[in-house]
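User: Please take a close look at one part of this structure, the open sheet. I would like to know how its strands are ordered and how they pair.

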Amino acid sequence: MMNNTDICNMALAYLAKGRISSIDENNELARQCKLFYDHSRKGLLREYSWGFAKRIIRLAELDASNPDWKYVYAYPEKCVCARRIFNEKETVNSLDKDKYDLFLISDNTQAIGCDVYQAYLEYTYDAEDAELFSSDFVEALARMLAFNICLQLNGNGTIQQTQYQLAQAALNRAKYTTAAERQDKLDYPDKYFTARM
């Protein structure tokens, strides 16, 4: 069973450093891992729509207004990245950022504005349980963590640059294998589909 300490130990091994028993240990290796682990994990989660962190929920409408949008919805807790807003009839993709927007309606309340009635959101959830991570994501996370802690532990910019390149290669591989597991729905034009039946 994989956990955050195992991923930290992978990163430390890539840097030829020792091992830790816990990310909460009181030593420099554990302190650097703890400092950068969540930052690295969340950064990678934002990079792609990972299957293990993908969620779809119906958004809760807020009693708030925005002159740019018909509807204002609550931003979900533990949402790392909004991917797609839709209802039963229409879809707004993340590429259509002019079709929805994220903004604050108070000091600590983030909202989503859009023109989609009874909207659902597909988003990347802030997955923390390492047992859920795909093996390719674990590799990418360990490599990115090694990149982030390298300079503090090794003081060598060349090794850090190598770790960055390895992290990018692992990330691309993880994206590829995740994409290969998906089967996109085909949208047939209604007339063609009806004629074939």
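Analyst: What follows goes through the sheet strand by strand.

The model is predicted. Its open sheet has three strands, arranged in the order S2-S6-S5, and the pairing is antiparallel. The edges are formed by strand S2 (71–74) and strand S5 (100–106), each of which pairs on one side only. From one strand to the next, the twist averages 35°.

In general terms, strands of a sheet pair through backbone hydrogen bonds, either parallel or antiparallel.

Take the S5 side first. S5 pairs with strand S6, residues 109–114, in the antiparallel sense, and six bridges connect the two. One residue pair to look for here is Tyr-100 with its bridge partner in S6, Cys-114. S5 and S6 also form a hairpin, with two residues between them.

On the S2 side, S2 and S6 run antiparallel as well and are joined by four bridges. Here Tyr-73 has Ile-112 of S6 as its bridge partner.

To trace the sheet on screen, start at the edge strand S2, cross to S6 through the Tyr-73 and Ile-112 bridge, and continue from S6 to S5 through Cys-114 and Tyr-100. That path follows the order S2-S6-S5.

Definitions and conventions:
Residues numbered from 1 in each chain as written. Predicted model: local features only at pLDDT ≥ 70, side-chain atom pairs only at ≥ 80, totals over all residues. Heavy atoms only, no water. Pairing = 2+ DSSP bridges. Axes fitted to C-alpha atoms, helices over the stretch in contact; angles between N-to-C directions.
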